[in-house]
Amino acid sequence: MPDLSFLDTPGLLPAFVAETRPRAHGAGLDLYEYARVTGPLTSLHDWPAACRAAGRRYTGTAERAAAEGRTVTAGEAYRSAARWFHFAGLLPHPDRAAAAEVAEEADEAMRRALALLEPGAERVEGEGFAGWLRRPAAGGPPVPVVVVVPGMDSGKEEFHAVAEALLARGVAVLAVDGPGQGVLAARSAPEPEYHRVVGRALDALGRRDGLDPARTAVIGLSLGGYYVAEAAAHEPRLCAAAVVSGPYRLDWDGLVPFVTATLAQRCGGYEAARAFAGRIDLAALAPRIAVPLLVVEGGEDRIPGVTDATALAEHAPDAELLLVPHGNHLLGTALPDWLAPTADWLTARLSAGPAGGTPGGRAR
C-alpha cells in the first residue's frame, strides 16, 4: 500500500483545490459549482466523497428529466455526472474499491449521456482499451478519426472539449481508457508500450463503416502525451500526432509524493512504479517519429521530476512547438490559445492524408 500520509500535509488541501481548478475548467465543470463542492472540505480524504455526491446529484437530475421527456437536459446532466465521478477518482485514495466503483459510475453516466445526445455513438473496446467512438453530425464520405489518449490519473470522461473541437471540424473521435486508466484502472497496470494499445484500437476502427483508416491521428494529454509519442514512433498507420503537456522523461527520485503514490497504486507497488517511470524516456524514440508532430506546452507547467516535451519538439524530425507562456499543466488556464489551433492542426494534417504535413517548424 502506498504511503498516503502526505495527504495530511498542512496546506496541501487548499493548494490541491487551487491547482486542480484550471483542470476542472478544462474538463467542463462549472467553476462556481467547483467552489461550492470543494469549499467545505476540511481534508483531502473527503475529496472523493464530495465529488461523488456532486455526480450523484446530477444523476438524479438526469433521471428526473428523462422521465419527463426532457432528453437534452437529461443528457447534459449525465455528462456532468460523468465529469464529477471522474474527478472523484483523481486522488490516490486508500479506498481503491470505491475508486473502481466511481470509475464505473463515470463510464455508465457517459454511456447514458451519449445515448440521449448522440445516439450514433458506439462503444469500442478490446484488449487493453475501452472507449466511445463519436462521429461528426453531417453524413457523407468516410471521415478521418483521432484517438484521444488520457494520462496518469485522467480518463475518457475528462477531455470533452478536445473531442467536441474535433467533431465540429468534421473529424470522428475515439476517446479511450487504456491500461491503468479510467474504467480499466482497477484491473490493469499502465502500459509503457502504448503503441500496442493504439494498434488494437486502430484494428477495431478499421472494422467500422464511415471511417477512413488511411487518415488516423492521435492526441495525448499529460502522460498520454508520452503514450502517443511512443505510438507514433512505432505505428505506421498514423498520419499525425499531438502531445499536450506530455513528459519527455521522468526522474523517479525527483517526483512529488502525489505522483509516486498514484503510480504505485496503478502499477501495483512502488518497485513496479519505479520501473514504469524508468521507461518513460523519449530520447531514443524521438528521432523515429516520422509523422507530423505537434507539441503543446504551457510556460507555467513545471512538475518536479518531469522533463517536459519541448525537447521532443527539438529532436523529432517533423515537429512543431506550440508554446503558451501563461499555460499551466493541461493548459486549463489557456484554452483559447491551444485548443482551436491544435484541432485545426490535426484537421489539416488529416485532410492532407497519409503524406500530409509540412516541414517541421515552430508554431509560436
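1. In what order do the eight strands of the open sheet stand, and is the pairing mixed or of one sense? The order is E1-E2-E4-E3-E5-E6-E8-E10, and the pairing is mixed; strands here, like helices, are DSSP runs numbered from the N terminus (H or I and at least four residues for a helix, E and at least two for a strand), and two strands pair if DSSP finds at least two bridges between them. E1 and strand E10 (319-324) stand at the edges with a single partner strand each, so one side of each is left without a neighbour in the sheet. Neighbouring strands of this sheet are turned by 20° against each other on average, with direction ignored.

2. On the basis of the note: this is a predicted model, in which local features need pLDDT of at least 70 and side-chain atom pairs count only at pLDDT 80 or more, whereas totals for chains, interfaces and linings use all residues. Residues are numbered from 1 along each chain as its sequence is written, and side-chain values use heavy atoms, with hydrogens and water left out.

3. Strand E8 deserves a paragraph of its own. Six of its six residues are buried, where buried means under 20% relative accessible area, exposed over 50% and partly exposed in between (1.4 Å probe, protein chains only). Leu293, Val295 and Glu297 point one way from E8, while Leu294, Val296 and Gly298 point the other way. In a regular strand the side chains alternate between the two faces of the sheet.

4. The partners of E8 can be given bridge by bridge. Strand E6 (residues 240-244) and strand E8 (residues 293-298) pair in the parallel sense over four bridges; Ala241 is bridged to Leu293, and Ala242 to Leu294. E8 and E10 also pair in the parallel sense, over six bridges, and there Leu293 has Ala319 of E10 as its bridge partner.

5. Two helices that meet the sheet can be described by their angles to E5 (axes are lines fitted to C-alpha atoms, for helices over the stretch in contact, and angles run from 0 to 180 degrees between N-to-C directions). Helix H8 (residues 223-234) lies across strand E3 (143-149), strand E5 (211-221) and E6, and runs at about 140° to E5. Helix H12 (residues 335-352) packs on the sheet, touching E3, E5, E6, E8 and E10, and its direction makes about 155° with that of E5.

6. Helix H5 (residues 96-117) has 22 residues and reaches 31 Å from its first C-alpha to its last, close to the 32 Å expected at 1.5 Å a residue, the expected span being 1.5 Å times one less than the number of residues. Among its buried residues are Glu105 and Asp107, together with Val102, Met110 and Leu114. The cover over the buried residues of H5 includes helix H3 (47-67), helix H4 (71-88), strand E1 (122-126), strand E2 (129-134) and helix H6 (160-167), with contact taken as heavy atoms within 4.5 Å.

7. Helix H7 (residues 195-205) is mostly covered, with eight of its eleven residues buried, including His195, Val198, Leu202 and Leu205. These buried residues pack against E1, E2, E3, strand E4 (172-177), E5 and H8.

8. Which residues other than glycine have a positive phi? Ser222, in the loop between E5 and H8, has phi near 60° and, at 17% relative accessibility, counts as buried. Leu330, in the loop between E10 and H12, has phi near 70° and counts as buried at 10% relative accessibility. Most residues other than glycine have a negative phi, and most peptide bonds are trans.

9. Empty space was searched on a 1 Å grid over the protein atoms alone: a cavity is a set of points where a 1.4 Å probe fits but cannot get out, a pocket is an open set with protein on both sides within 12 Å along at least five of seven lines, and lining residues have an atom within 4 Å of a point. Grid points are joined across faces, edges and corners, and a volume is the space filled by probe spheres set on the points. The whole structure holds four cavities of 30 Å³ or more, and about 110 Å³ lies in the largest cavity. Of its 14 lining residues, Gly26, Ala27, Phe159, Leu330 and Trp338 are the closest to the centre. Helix H1 (12-27), H6 and H12 each supply at least two residues of this lining, the largest share, four residues, coming from H1.

10. The largest pocket contains about 940 Å³ of space and is lined by 37 residues, with Glu19, Val256, Phe258, Val259 and Ile303 nearest its centre. H1, strand E7 (247-250) and helix H9 (257-267) are the elements that give two or more residues to its lining, and H1 provides the largest share, seven residues.
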